[in-house]
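Subject: Structure handover

Hello,

Please find the structure below, followed by my notes on what was found in it. They cover strands, cysteines and salt bridges in turn.

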Amino acid sequence: MSGPELRQSLTVTGVRCYHISCVTSDGVWVSDDGNNLILTDTTGVPLHRVEDSCGDLYGLYTVNKSNNGDVVVSHNFYDFWPGAVVVTDRGGRYRFSYTGPQSGSGLYPCGICTDALSHILVCDDITNTVQMLDKDGYFLSHLLTKSEEMGEPWGLSYDVNTHRLWVGSRYNNKVCVYRINTLCLMFVDQSRVMESLSGIPTPGTEKPQQGNQCLLKLMSPPELLHSLTVTGVNRCYHISCVTSDRVWVSDDGNNLILTDKTGVPLHRVKDSWSDLYGFHTVNSESELIYIDRKYNINKVSKDMKSTTTFIKSTDSTWEPQCVYWSPSTGDLLVGMRYIHTETAKVTRYNQSGQLTQTIQHDNTGRGLNREPYCITENNNGDVVVSDLLSHAVVVTERGGRHRFSYTGPQSGSVLRPLGICTDALSHILVCDGDTKTVQMLDKDGQFLSHLLTKSQEMGEPWSLSYDVKTHRLWVGSGENNKVCVYRYITRQDALTGEYSPRPNGEAMFSSTSAVEWR
């Protein structure tokens, strides 16, 4: 999702903007703490005034409802801090309370609303931002920050017809109107051929503005865009995309190489430890993060001129096995193995290298993992681990609660999970060394299809990396030094219905079909 686009601003005569309520695409009610409640249009001129409103109330704090029926309340009083966003389901059962993006960060919630994709948007007086949460209360981003134009965001109202976000300022009489460029995702599985996210316009309803929305759809068969033979590695046991044409590749011979589409080495890391497999990842600054032979976690600068120790190994009984940098939080997820027993854990470090979370046991006290092979994160914040000894893909929610373990497409089947990644549609993709396939699961662990199978060109699929910018899937071979790049997700313009060009014009596919690698 790209940044919100400021469409217009208005200066409302006679009021500060503590609470706002959209009426139409050009009409809004605005109130302040001085008993002023005014209807205005995009000129800011008062059209009507309510005489008996109470300015001591703003909007307990503001109440809203999500698309799933959840009741969402921003709750705060000046005498009590911190506050919270409190969410109950339609029947009144408590679901969760959100108290800030990080433990101990605090929250002073003001205006609140939800959007067409069930995001919760809340103004926070501590950080002077508009924070975006998913429907389950997981922090996604700071959608808006304090600006010279508006000052501190305080009041929110979402127009479901135009997908505009109206934001009112506490310290002046400005209201700014933003367009949220929303990525609309289309899902496919065996029971639901096509399911769109709620609130997205369909033919016959009011259309969004040009460029406001797009659809992502699965295509069949996956299209091989190109392949490369990587010089200097004997296998492609783990890969990490950097850009649309650069990738880090490692094997089991202590080789870790940066290459481009030609396969020619551009840079080589000297102290990598290839007894591990998922031991490198790339952050938003295109910096390589990897585990060295002393089990330190290092960071290589984008220009390759400097290497720094990000997390130093201080406990020789716990060894890092795999790493993943989280695009949503900037945290580093690390799969750890205890050297004396078949015990493992997942640790989370913030951008300063401080340990912030440990995930080790389920609610009965049993260990969740035994040998983390690769680790990744899904769009909803789930932590996803391919565990070789457990023969399972083990998934925990962001808070650490065990959600499910996937052990194969059928009861009694054996899974040997290797490389793993997630895509823009929240699918989990995992290489299975037993069937020599790439299996596609939905975010809840239901098997959808064998997306790819073994081919003569590449042999056994072993490693995966998904490029979120181009929606390309990079697949490394466990039998040779080939990397193949596939497209299996295509974009459709939500307004025109036109697809990205492809040779045979196909778009959707039956999720039960297996695809042979070309």
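Strand β29 is mostly covered, with 5 of its 7 residues buried. Buried here means under 20% relative accessible area, exposed means over 50%, and partly exposed lies in between (1.4 Å probe, protein chains only). Strands are DSSP runs of E with at least two residues, and helices are runs of H or I with at least four, numbered from the N terminus. This is a predicted model, in which local features need pLDDT of at least 70 and side-chain atom pairs count only at pLDDT 80 or more, while totals for chains, interfaces and linings use all residues. Residues are numbered from 1 along each chain as its sequence is written, and side-chain values use heavy atoms, with hydrogens and water left out.

Strands β28, β29 and β30

β29 spans residues 332-338 and is joined to β28 by 7 bridges, the two strands running antiparallel. Two strands are said to pair if DSSP finds at least two bridges between them. Within this pairing, tryptophan 318 has tyrosine 338 of β29 as its bridge partner, and tryptophan 325 has leucine 332. β28 and β29 form a hairpin with 6 residues between them. In that turn, glycine 330 has a positive phi of about 80°. β28 itself, residues 318-325, is mostly covered: 8 of its 8 residues are buried.

β29 is also joined to β30, again in an antiparallel arrangement, by 7 bridges. Here valine 334 stands opposite threonine 347 of β30. These two strands form a hairpin too, with 4 residues between them. As a general point, side chains in a regular strand alternate between the two faces of the sheet.

The sheet β24 to β27

An open sheet is formed by 4 strands in the order β24-β25-β26-β27, with antiparallel pairing. β24 (280-282) and β27 (307-311) stand at the edges with a single partner strand each, so one side of each is left without a neighbour in the sheet. Neighbouring strands of this sheet are turned by 25° against each other on average, direction ignored. That angle is taken between axes, which are lines fitted to C-alpha atoms (for helices over the stretch in contact); angles run from 0 to 180 degrees between N-to-C directions. At the β27 edge, β26 (residues 297-300) is joined to β27 by 4 bridges and the two run antiparallel. Valine 300 stands opposite threonine 307 in β27.

Cysteines

How many disulfides does a search of the whole structure find? The count is 0, where a disulfide is a pair of cysteine sulfur atoms within 2.5 Å. Cysteine 110 is in no disulfide, and the nearest cysteine sulfur, in cysteine 123, is 6.3 Å away. Cysteine 110 is buried, at a relative accessible area of 0%. For cysteine 113 the closest cysteine sulfur is also that of cysteine 123, at 7.9 Å, which is too far for a bond. Cysteine 113 counts as buried, with 2% relative accessibility.

Salt bridges

The whole structure holds 16 salt bridges, each being a side-chain nitrogen of Lys or Arg within 4 Å of a carboxyl oxygen of Asp or Glu.

One of them joins arginine 7 to glutamate 5, with the closest N and O atoms 3.0 Å apart. Arginine 7 is partly exposed at 38% relative accessible area, and glutamate 5 is partly exposed at 28%.

Another joins aspartate 89 to arginine 93, with the closest N and O atoms 3.2 Å apart. In this pair aspartate 89 is buried, at 18% relative accessible area, whereas arginine 93 is exposed, at 56%.

A further one leads back to the hairpins: arginine 348 forms a salt bridge with aspartate 331, the closest N and O atoms lying 3.2 Å apart. Which parts of the chain does this pair link? Arginine 348 is in β30 (residues 343-349) and aspartate 331 in the loop between β28 and β29, 17 residues apart. Both arginine 348 and aspartate 331 are buried. Elsewhere, Asp70, Arg95, Lys135 and Asp136 are joined into one network by salt bridges that share partners.

Regards
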